[in-house]
Amino acid sequence: MDSMRGQGGIQMLLTAEQEAQQIVYAARNVKTTRLRQAKEEAEMEVTNYRSHLEAEYKQKISETSGSSDSTEKKLEVETEQKIQHLKKAASQVSPDVIAMLTKYITTIKT
């Protein structure tokens, strides 16, 4: 009778081990499937984010390049104004500089 109980116990252990292996196998399959799904979702998010950033970049480029003509003209006007201001300042100081240079050149130190 003890041998029958021993064999039944061994059979129960083998059955339990097989069930445990099936549970582990199923869990691994679920984990693998979920990891694959998470990877696909992450790749989709990256693709969407990248396309969003590229669209923003293209919009900024079109905004700035569209106004580059006006910016260029504005810079030309500012540059011309500065040149005229420097010419005016130089013409105002020029007689004094010429007089000073003439004085130093013609004065003899003894």
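So, Val97: at 33% relative accessibility, this residue counts as partly exposed. Keep in mind that we're looking at a predicted model here. Where does Val97 sit? It's found in helix H2, which covers residues 68-106. And Val97 has company on the surface. Together with Val93, Met100, Leu101, Tyr104 and Ile105, Val97 forms a nonpolar patch. Taken together, those residues have about 620 Å² of accessible area.

Okay, let's step back to the whole chain. How many helices and strands does the protein chain have? There are two helices and zero strands. Now for the overall dimensions. A compact globule of 110 residues would have a radius of gyration near 13 Å, and the protein chain comes in at 44 Å. If you'd like that as a box, the C-alpha trace spans about 140 × 50 × 10 Å along its principal axes.

What about burial? Of the 110 residues, 0% count as buried. The cut-off there is under 20% relative accessible area, so Val97, with its 33%, doesn't count as buried. As for the surface, the protein chain exposes about 10700 Å², and carbon and sulfur atoms supply 60% of that.

Let's move over to helix H1, residues 2-66, where you'll find Tyr25. Is Tyr25 buried or exposed? Exposed, because its relative accessibility is 57%, and the cut-off for that class is over 50%. If you go from Tyr25 to Asn48, you cover 23 residues along the chain, and their C-alpha atoms end up separated by 35 Å.

Thr47 has its place in helix H1 too. With 49% relative accessibility, Thr47 counts as partly exposed. Now pair Thr47 with Glu78: they're 31 residues apart in sequence, and C-alpha to C-alpha they're 44 Å apart in space.

Last topic, charges. The protein chain has 16 positive and 16 negative charges, and the mean positions of those two sets are 9 Å apart. In general, side chains of opposite charge can pair when their charged atoms come close. How many salt bridges does the structure hold? Just one. The partners are Arg34 and Glu41, and their closest N and O atoms are 3.9 Å apart. For a salt bridge, the nitrogen has to be within 4 Å of the carboxyl oxygen, so the pair of Arg34 and Glu41 makes the cut at 3.9 Å. Both partners fall into the in-between accessibility class: Arg34 is partly exposed, with a relative accessible area of 43%, and Glu41 is partly exposed as well, at 36%.

Conventions: Residues numbered from 1 in each chain as written. Predicted model: local features only at pLDDT ≥ 70, side-chain atom pairs only at ≥ 80, totals over all residues. Heavy atoms only, no water. Patch = residues over 30% accessible without salt bridge, like charges linked within 9 Å, V, L, I, M, F, W, Y side chains within 5 Å. Areas by Shrake-Rupley, 256 points an atom, 1.4 Å probe, with all protein chains shown as cover. Salt bridge = Lys/Arg side-chain N within 4 Å of Asp/Glu carboxyl O. Helix = DSSP H or I, 4+ residues; strand = E, 2+ residues; numbered from the N terminus. Buried < 20%, exposed > 50% of the residue type's maximum accessible area, 1.4 Å probe, protein only. Rg over C-alpha atoms; globule rule 2.2 N^0.38 Å. Lys, Arg positive; Asp, Glu negative; His and termini not counted. Charge placed at Lys NZ, Arg CZ, Asp CG, Glu CD.
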